[in-house]
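The following exercises concern confidence, interface composition and strand pairing. Each task is followed by a solution in steps.

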Amino acid sequence: MKSLCASVFLIPCLVAPASAATIFPLDRATILAGSPFDVKVEFDGLVKAGDAKVTIDGKPADSVLGKPLAFIEKEDGTEASALLARAVTLGAPGRHTITATAGSDTKTVTWEVYATPAKAEARNVIFFLGDGLSVAHRTAARLMSRGMTEGKADGRLAMDDLDHMAFIGTSSTGSIATDSANTMSAYMTGHKTAVNALGVYVDRTKDSMDDPRVETMAEAVRRTTKKAVGVVVTSELEDATPAAVFAHTRKRAEKAAIADMIMALKPDVLLGGGSAYFLPQAVPGSKRKDDKDLIQDARAAGYTVATTSTELKAAGPGPLLGLFHTGNMDVALDRMQLKKGTVAKFPDQPGLVDMTQAALDRLSQNKDGFFLMVEASSIDKMSHPLDWERAVFDTIEFDQAIGLARKFQAEHPDTLIVVTGDHTHGVSIVGTIDDDKPGPDMREKVGTYAAAGFPNYTHTNGSPYPDRVDVSRRLALFATNYPDYYETFRPKMDGPFVPAIQNENKQYVANEAYKTVPGAVFREGNIPRDEDTAVHAVDDVVLQAAGPGAGEFKGYMEESDVFRVLADAMALAPAAK
Amino acid sequence: MTLVRRRFLEALALMPAVLLAAPARAGALPLSFDELYSGVSPLGLIFSDKLKEARGKSVVMQGFMAPPLKAEAKFFVLTQQPMALCPFCSSDADWPDNIVVVYLNYPQTFVQSNAPIRVTGLLEVGSWRDPETGFLSLVRLVGASFRTV
């Protein structure tokens, strides 16, 4: 409609009054008192400067915000006007009514500004994010890791003993469906946004760096506390989840800019992959398009730089930058057992547990406490291509890191631990696959109901990881959605699964490399042919938590509500007395 | 119908490759992906001696053709493994770090052979940005031709 208006009916638009404006932050936004945010009003058409007015609770917005909203007569690439003010704050808690008027048309939204308790309940907050973590991943991790006898689990996951829970709605502002950028952005800012966006509302201009900003967790912690900030991931450090702790961009793919934004906030501990965006373009392996050398800059700023597990263990005190891979780090199954993926090139990568330990050792030295975000990035990265063994192995590793944090919490009870996913995948366990069932037809080897029995994974010396994943009676996990692919009913022992590849018509077709696996069957996809792998599910996420402040997690909550619980626990906006 | 069209396109795409491949392949030095770099670390990649010595010479490499930006293109990316790029987990910049960019003699229509291809061309080594697309590459095969294995 907007584009029609802009191109075909240009003249009518010029004379007609604007019909409906969009106000950012959007209606029903919840805003941390005192946090800086951008206000933008996008009118649907061109309006005259004198006609555009904004009020907050009936008073001129300029006087309430303490700065004027600049009038933009014609926004780039549009035939429409806008009003914009950067980095304003609202200190007074309560509901506020914002009305934008142009001529005879008005648009009204309400915002809720909230303060926090004056005193922090939690000195430390550890936020565990399992990317794509769904109920099936948890159940499979428990079954594969602990086993089951006569219907009762032979042991519990660390996350099983977190005592508070909530169902979390993950939808984005533009769609019921969602991605890892907008979901983590909601957790880390308290504002929902659109797919691909981080720390901003999504406006209509093309520029991916000019969208209306909201404050990120790292910024809020830096502004209001002396807490240390740490991030530990197995993906690139510029990937959507870690980026959302720090950055502002409409496009999560702006990874060089994201690396700059992360380092500008001087995190105390930063461990993960993605060194390609820290290297200047002249260095082979760099993915930057400029000469910035963020590694050199970090060293000059006093960081210890570690590139292997050995170097991580040897690192001295002070801020720590661990870059263990040019891209995403290898997954636990490849690192620990199969040595596939890129393990041969990067043979000494630390795991999530070692990285979490290194972060806790360092961050806990800060007398004012810390905020630490730990992400098991590849639960999602292996669920997209239907590589369930790798996704579950990483879930077990995630749980081991949570177990470590629970021990830390036992010694430091002023620590809030939150464990959640950012979105789900359409995956379920339906039983087992039993190679010893008769015949060559793999479908007939799927054990359902009573025939499923129990899987026969083995564990040497009580290891939480099974000795091998290709046992004769293993978990049968299947996806609800998929591109065309060959179902092999077997773990992918030769490297992570690539189910489909793109053809000349930009459509994804089954990867023929798996066609000849004994028993493989062609499975025709059920999602559009331009989807390369399984997509995210819209199902709720299960959040669990323990420690001071965890009692606020209950019932159904939006992802944006979770930020407020964290803000309350750390007292990021102490109410004025 | 699709199959017929596809076979036709495959034939079309292979024709110039077959025609051109013969002279270029003569004496072409085989080079594998594992031989490109002698060192890989988060601080960067180190070109191998074999790669440096083969600079300017005719080499032949085997790999997979990654989906190009548009169907008819003069260059494409050769990868060690088949690639499926996920728009929401990756961006166009998310190539593996050991890719080779292949510049063909003239634009060809991309056909997904869903199988390895063998590319022959003159080896170029060093950072270079494609002026048309801005695509940055370190290792290139120019004046190249390819065929399915």
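**Exercise 1.** Determine in which elements of chain B the confidence is lowest and highest.

*Solution.* The model is predicted, and its confidence is therefore examined by element. Step one: in chain B, the lowest confidence falls in helix 1 of chain B, with a mean of 40, and the highest in strand 1 (residues 29-30) of chain B, at 96. Step two: the pLDDT is below 50 over residues 1-24 of chain B, a stretch that has 22 contacts in the model beyond near neighbours in sequence. Step three: residues 86-92 of chain B likewise have a pLDDT below 50, with twelve contacts beyond near neighbours in sequence. Step four: the average pLDDT of chain B is 76, and 72% of the residues score at least 70. For the complex, the predictor gives an ipTM of 0.85 and a pTM of 0.91.

**Exercise 2.** Characterise the interface of chain B and chain A by area, polar pairs and residue classes.

*Solution.* Step one: 39 residues of chain B are in contact with 43 residues of chain A. Step two: about 3200 Å² is buried between the two chains, and carbon and sulfur atoms give 54% of this area. Step three: the rule finds zero salt bridges across the interface, while three residue pairs are in polar contact, both residues at pLDDT 80 or more. Step four: on the side of chain B that touches chain A, two or more residues come from each of helix 1 (2-25), strand 2 (37-41), strand 3 (44-47), strand 7 (117-129) and strand 8 (136-148) of chain B. Step five: that side divides into 24 nonpolar, nine polar and six charged residues.

**Exercise 3.** Describe how strand 2 of chain B and strand 3 of chain B pair.

*Solution.* Step one: strand 2 of chain B and strand 3 of chain B are antiparallel and share four bridges. Step two: a hairpin of two residues joins strand 2 of chain B to strand 3 of chain B. Step three: within this pairing, B:G39 stands opposite B:I46 in strand 3 of chain B.

**Exercise 4.** Establish the strand order of the open sheet of chain A and identify its edge strands.

*Solution.* Step one: the open sheet of chain A has five strands in the order 2-9-8-4-5, with mixed pairing. Step two: strand 2 (29-32) and strand 5 (59-60) of chain A are the edge strands, each pairing on one side only. Step three: strand 5 of chain A runs antiparallel to strand 4 (residues 52-56) of chain A, and two bridges join them. Step four: A:T55 has A:P60, in strand 5 of chain A, as its bridge partner.

Key. Residues are numbered from 1 along each chain as its sequence is written. Chains are lettered from A and ligands numbered from 1 in the order in which they are written. This is a predicted model: local features need pLDDT of at least 70, side-chain atom pairs count only at pLDDT 80 or more; totals for chains, interfaces and linings use all residues. Side-chain values use heavy atoms; hydrogens and water are left out. Contact means heavy atoms within 4.5 Å. Buried area is the accessible area (1.4 Å probe) that two parts lose on being put together, summed over both. A salt bridge is a side-chain nitrogen of Lys or Arg within 4 Å of a carboxyl oxygen of Asp or Glu. A polar contact is a pair of N or O atoms within 3.5 Å; within protein, one must be able to donate a hydrogen and the other to accept it, and residues adjacent in sequence count only if both atoms are side-chain atoms. Ala, Val, Leu, Ile, Met, Phe, Trp, Tyr, Cys and Pro count as nonpolar, Asp, Glu, Lys and Arg as charged, and the others, Gly among them, as polar. Two strands pair if DSSP finds at least two bridges between them. pLDDT is the predictor's confidence in each residue, from 0 to 100.
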